[in-house]
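New to this one? Take a moment to look it over, and then we'll walk through a few parts together.

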Amino acid sequence: MNFNVATLEPAQDANKYTRGKLVVVAGSPRFPGAAALAARAGQRMGAGYTEVVTAHEAVGAVRACAPSLVVRELDGWCAKDLPASSEGKPSAVCIGPGFEGSDDEFALVERVLKRAACPVLVDGGGLAALGSAKAQARLLKRAESGMPTVVTPHGGEAARLAAPFSLPTDDPAKLAAGLSLALHAIVVLKGPDTYVAEGKRVEVMREGTSALAKAGTGDVLAGMVAALLAQGFEPFDAAFGGAQLHARAGIAAARAYSAVSVTPEDVIEAIPEIMLAGAAHS
């Protein structure tokens, strides 16, 4: 499977709303950078309007990373404010990067799953919230109503999500498929090879690089996939395509800085290079 970068080219009459609104609900007093990384990656991946909802203590850091981001404090924000995805005005939510695992954060994930009339990506600390019966009921209801959910665990997170369902964890393809069926979601099981599953369908992305083995690159991936969802791409294509382009951006960053020295910020800055390369070969 290969994602066609040319499909990202905006129409001549596009505006920031037709290109998609991405709402990133992320970050915490301890991990403000996760919100910044996911949001900046979303911008580079083409989302037309990127809004960040984050903890009061993280607002300054997020605003400082990019003045073009719209930043709101979590206090006073309500999941009912989320935009519904509609024809010509697609949208998506990315929730969980940089969450610390508090009860309030878990409740927030549940409210977003209930209220968001658009694709939702759950990542990072938000994934632990999916272990509750209430969250699982929300996931089922979203699936029944045609609202896609994408989850992006690494191996350890996937094993914890699998435990309540007694899913085997020794085969990543079966683990990804089992989690997809159990959670009624598209699963992006991250690793050197990344397994993307929607029910029993599993595709393997084998372009990973050890340059991405650093804290923060998962936040970048979450923002990239969510930005594709926000632009109206089919959810499975967005999940696989985001993982593939993330890997290629990691490889491009390693060419510039070496696999040893790549940072998540370098991966974000390499996104335009892989866009140009992809467009030239399409």
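What follows is a short tour of a sheet, a helix and a couple of loops.

## Before we start

Keep in mind that this is a predicted model. The residue numbers simply run from 1 along the chain as its sequence is written.

## The sheet

Let's begin with the strands. Nine of them make up an open sheet, and going across it the order is β3-β2-β1-β4-β5-β6-β7-β8-β9, with mixed pairing. At the edges sit β3 (70-73) and β9 (201-205), each of which has a pairing partner on one side only. Going from neighbour to neighbour in this sheet, the strands are turned by 15 degrees on average, if you ignore direction.

As for what holds such strands side by side, strands of a sheet pair through backbone hydrogen bonds, and they can do so in parallel or antiparallel fashion.

## From β6 across to β9

Now zoom in on one end of that order. Strand β6 (residues 149-151) and strand β7 (residues 186-189) run parallel, joined by two bridges. If you want to spot the pairing, look for V151, whose bridge partner in β7 is V187.

Step over to β8 and the direction flips: β7 and β8 run antiparallel, with three bridges between them. V187 turns up here too, with A197 as its bridge partner in β8. The link between β7 and β8 is a hairpin that goes through four residues. How much of strand β8 (residues 194-198) is buried? Four of its five residues are, so the strand is mostly covered.

The last pair is β8 with β9, antiparallel again and held by five bridges. Within it, V196 stands opposite E203 of β9. The hairpin here has two residues between the strands, and G199 in it takes a positive phi near 65 degrees.

## Helix α7, tucked inside

Next up is helix α7, which covers residues 217-230. Its 14 residues should span 20 Å at 1.5 Å a residue, and the C-alpha atoms at its two ends are indeed 20 Å apart, so the two values agree. Is the helix enclosed or open to the outside? Since 14 of the 14 residues of α7 are buried, the helix is largely enclosed by the rest of the structure. After α7 comes G232, with a positive phi near 90 degrees.

One residue in α7 is worth a closer look: D219. D219 is buried but has no salt bridge. Its nearest side chain of opposite charge belongs to K190, 6.9 Å away, whereas a salt bridge needs the charged atoms within 4 Å. So what does D219 touch, leaving aside its neighbours within four places in sequence? Its contacts are A34, L37, A38, P97, G98 and D123.

## Two loop residues with a positive phi

Here's some background for the last stop: most residues other than glycine have a negative phi. H184 goes the other way, with a positive phi near 55 degrees. You'll find H184 in the loop between α6 (172-183) and β7. Its relative accessibility is 33%, so H184 counts as partly exposed.

S258 is another such case: not a glycine, yet its phi is positive at about 85 degrees. S258 lies in the loop between α8 (235-257) and α9 (264-280). With a relative accessible area of 31%, S258 is partly exposed.

Key: This is a predicted model: local features need pLDDT of at least 70, side-chain atom pairs count only at pLDDT 80 or more; totals for chains, interfaces and linings use all residues. Side-chain values use heavy atoms; hydrogens and water are left out. The expected span of a helix is 1.5 Å times one less than its number of residues. Buried means under 20% relative accessible area, exposed over 50%, partly exposed in between (1.4 Å probe, protein chains only). Lys and Arg count as positive and Asp and Glu as negative; His and the chain ends are not counted. Contact means heavy atoms within 4.5 Å. Two strands pair if DSSP finds at least two bridges between them. Axes are lines fitted to C-alpha atoms, for helices over the stretch in contact, and angles run from 0 to 180 degrees between N-to-C directions.
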